Amino acid sequence: MNKLCLALLACLPLAALAGEGSVSKVNGSVRVEAGQSAGDVSTVNGSVTIEEGATAADVETVNGSVNIERNATVRSVESVNGGVSLAANAKADSVETVNGTLRLAEGAQVSGDVSAVNGSAQLAKGVDIRGGLSNVNGKMTITAAHVGGGLKTVNGDILVGADSRVEGGILVEKPNANWFNKSNHKPPRIVIGPGAVVEGKLRFEHEVELFVSDRAKIGAVEGATPQSFSGDAPK
């Protein structure tokens, strides 16, 4: 009977209460309830949710999404196959996914780096990333947000939207010869919008399309010829 009860519990979502310390599971979702605290929180097959106002240390999953809700605070966030979302005013030290979309809502803060391999990144108004933002494939969209450690990609498009600020420049790295068939490859599209500021060098190690608003400010450009545009977006 005891073994049966344990097996059934393993299949249920797990909620962490204040003072419980670390929470770990193999199969099933894990959550820290609103206003509660936990240490490390992890699962292998399932999502992780840190509810509004809750706190946790390292948050990890292999196959599943991670959701950090409003005003929640965590240390690191990692997912292998799944997206990561930080809701409004959520805080983290670092955020990483391999295959999944990164979504940071208005006012979210990350004191370190934010990275993906195959996945887009969407930064809403007022997001503050003090480290760098990087991926290999997937569009970066920065909307009136701040990135302190530069932008890096290989094959992804980048939109530094109106009134955004990027320190540390932009790097588009040369891809490995095995990444794509050149005959079918479309160059990444890099757009620096009106009122945006990119400090540091913009360095492009392979072909890109670079569009810079006539009301943007950028650093030196290496490896591409900027095309100026007026209005909200290039035609």
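# A walk along the parallel sheets

Start with the open sheet of 11 strands, which pair in parallel and follow the order 2-4-6-8-11-14-17-20-23-26-29. Select its two edges next: strand 2 (23–27) and strand 29 (221–222) each have a single partner strand, so one side of each has no neighbour in the sheet. Keep in mind as you click around that this is a predicted model.

Now zoom out for a moment. The chain holds one helix and 30 strands. Of its 235 residues, 43% are buried. If you turn on the surface, the accessible area is about 11200 Å², and carbon and sulfur atoms account for 49% of that. As for contacts between residues at least 6 apart in sequence, 13% link residues at least 24 apart.

**Stop 1: strands 20 and 23**

Back to the 11-strand sheet. Select residues 151–153 (strand 20) and 170–172 (strand 23); three bridges pair them in the parallel sense. Which residue of strand 23 stands opposite Leu151? That's Ile170.

Leave those two highlighted, since Leu151 and Ile170 also turn up in the largest nonpolar core. That core has 51 residues, and the ones with the most contacts inside it are Ile50, Leu86, Leu151, Val160 and Ile170. In general, nonpolar side chains in soluble globular proteins tend to be buried together.

Next, pick Val160 and show its surroundings. Leaving aside residues up to four places away in sequence, Val160 touches Ile142, Leu151, Val166, Ile170, Val191, Ile192, Gly193, Ala196 and Val198. So your highlighted pair, Leu151 and Ile170, is among the contacts of Val160.

**Stop 2: strand 27 and its two partners**

Select residues 209–213. This is strand 27, and four of its five residues are buried, so the rest of the structure largely encloses it. Add residues 189–192 for strand 24, which runs parallel to strand 27 and is joined to it by four bridges. Within that pairing, Ile190 has Leu210 as its bridge partner.

Then add strand 30 (227–229). Strand 30 also runs parallel to strand 27, this time with three bridges between them.

Click on Ser213, which belongs to strand 27. Is Ser213 buried or exposed? It's buried, with a relative accessible area of 4%. Across in strand 30, Phe229 stands opposite Ser213. Phe229 is also one of the residues Ser213 touches, along with Ile192, Gly193 and Pro194, not counting residues up to four places away in sequence.

**Stop 3: the loop at Gly223**

Move to Gly223, in the loop between strand 29 and strand 30. Gly223 is exposed, at 54% relative accessible area, whereas Ser213 is buried. Try drawing a distance from the C-alpha of Gly223 to the C-alpha of Val172: you should get 9.7 Å, for two residues 51 apart along the chain.

**Stop 4: the seven-strand sheet**

Finish on another open sheet, where seven strands pair in parallel in the order 10-13-16-19-22-25-28. Its edges are strand 10 (91–92) and strand 28 (217–218), each pairing on one side only.

For a close-up, select residues 109–110 (strand 13) and 128–129 (strand 16), a parallel pair with two bridges. Here the bridge partner of Val110 is Ile129 in strand 16. If you want to display what joins such neighbours, show the backbone: strands of a sheet pair through backbone hydrogen bonds.

Conventions:
Residues are numbered from 1 along each chain as its sequence is written. This is a predicted model: local features need pLDDT of at least 70, side-chain atom pairs count only at pLDDT 80 or more; totals for chains, interfaces and linings use all residues. Side-chain values use heavy atoms; hydrogens and water are left out. Two strands pair if DSSP finds at least two bridges between them. A nonpolar core is a set of buried Ala, Val, Leu, Ile, Met, Phe, Trp, Tyr and Cys residues joined through side-chain atoms within 4.5 Å. Buried means under 20% relative accessible area, exposed over 50%, partly exposed in between (1.4 Å probe, protein chains only). Contact means heavy atoms within 4.5 Å. Accessible areas come from the Shrake-Rupley method with a 1.4 Å probe; for residues, only the protein chains shown count as cover.
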